[in-house]
Amino acid sequence: MSTRPLVLLAHGSRRPGPSSVLSRTAERVGTILPEVEVRTGYVELQPPDPATALEGLVDPVVLPFFLARGYHVVHDVPAAVERHGSGTVTGHLGVEAHLVEAVAQRLHEASAPLGGLAGLDHIVLGAAGSRQAVALEEVEAITRLLEARLGREVTPAYLSAARPSVRDAVSTARARGAGRVGVATYLLAEGRFHRALHSTGADVVAAPIGDHPALAELVALRYREQVA
């Protein structure tokens with residue numbers, strides 16, 4: 001039996017940052033799974049679209065390259081596979097220790113000039129936000145895992161569509177006596193949302209997950225789960 005190809009489908013952006021994260025992650029996955037053809041595509045805003053990414057593939061494994069279970073994960077990616085006529089959809093990136101490790105490392109890097117996490121009085125997890133309850137539940141779950149990883153209290157907060165906002169969470173922490181507040185970034189790439197985090201009044205804003213090696217390891221895990 002031939003090895004099933006892997007297609008990563010992400011949101012898409014008019015800026016180069018998110019697409020470079022996807023392409024670099026795909027390259028890393030290719031080194032972990034050298035026998036697997038790895039392709040990338042986007043559900044909107046930029047090419048290649050899902051139909052183009054899937055063209056010519058037989059029984060592909062399709063991974064929704066999204067942190068949370070929102071509309072694109074539930075509807076757009078499965079619909080693209082159905083239109084293609086073959087293939088299966090894996091779980092999205094979801095609530096996994098791989099992501100927690102990446103978020104924690106980015107925060108450690110950002111807080112190093114202040115002496116590391118010891119230099120922060122409170123930590124806020126900055127996420128995109130969603131109107132989907134299940135997506136918010138996943139952010140809450142990631143927050144609890146991050147608290148366990150850091151040994152610190154972490155407040156989940158959002159940049160859109162949900163409350164509390166990151167700005168409000170930072171302000172609340174200060175009102176409760178926190179001197180320095182750091183934001184752990186629960187975003188995949190640079191862009192509008194990450195720029196907005198720098199306007200929330202936090203003393204430290206971590207970089208996005210980006211092409212952290214743990215992200216490629218998680219993608220490879222999702223693939224192996226599907227073909228096992």
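Two residues are said to be in contact when heavy atoms of each lie within 4.5 Å. The structure examined here is a predicted model, and the contacts of Arg174 were computed on that basis. With neighbours within four places in sequence left aside, Arg174 is in contact with Gly179, Arg180 and Val181, and also with Gly201, Ala202 and Asp203. For Gly201, a polar contact is found: the side chain of Arg174 reaches the backbone oxygen of Gly201 at 2.7 Å.

Arg174 belongs to helix α6, which comprises residues 166-175. Its relative accessibility is 31%, and because partly exposed residues are those between 20% and 50%, Arg174 is classed as partly exposed. Ala68 is 106 residues from Arg174 along the chain, and the C-alpha atoms of these two residues are separated by 29 Å.

Ser165 is placed in the loop between β6 (154-158) and α6. In contrast to the partly exposed Arg174, Ser165 counts as buried, because its relative accessibility is 16% and the limit for burial is under 20%. The side chain of Ser165 reaches the backbone nitrogen of Asp168 at 3.0 Å. Beyond the neighbours within four places in sequence, Ser165 is in contact with Ala157 and Tyr158.

Aromatic rings were also considered. A pair of such rings is described by the distance of the centres and the angle of the planes. Under the rule that ring centres must lie within 6.5 Å, the count of aromatic pairs is 0. An arrangement of a charge over a ring is nevertheless present: Arg192 lies over the face of Phe193, at 4.6 Å from the ring centre.

Notes. Residues numbered from 1 in each chain as written. Predicted model: local features only at pLDDT ≥ 70, side-chain atom pairs only at ≥ 80, totals over all residues. Heavy atoms only, no water. Phe/Tyr/Trp six-rings, centres within 6.5 Å; stacked < 30°, edge-to-face > 60°. Lys NZ or Arg CZ within 6 Å of the ring centre and 35° of its normal. Helix = DSSP H or I, 4+ residues; strand = E, 2+ residues; numbered from the N terminus. Buried < 20%, exposed > 50% of the residue type's maximum accessible area, 1.4 Å probe, protein only. Polar contact = N/O pair within 3.5 Å; in protein donor to acceptor, adjacent residues only side chain to side chain.
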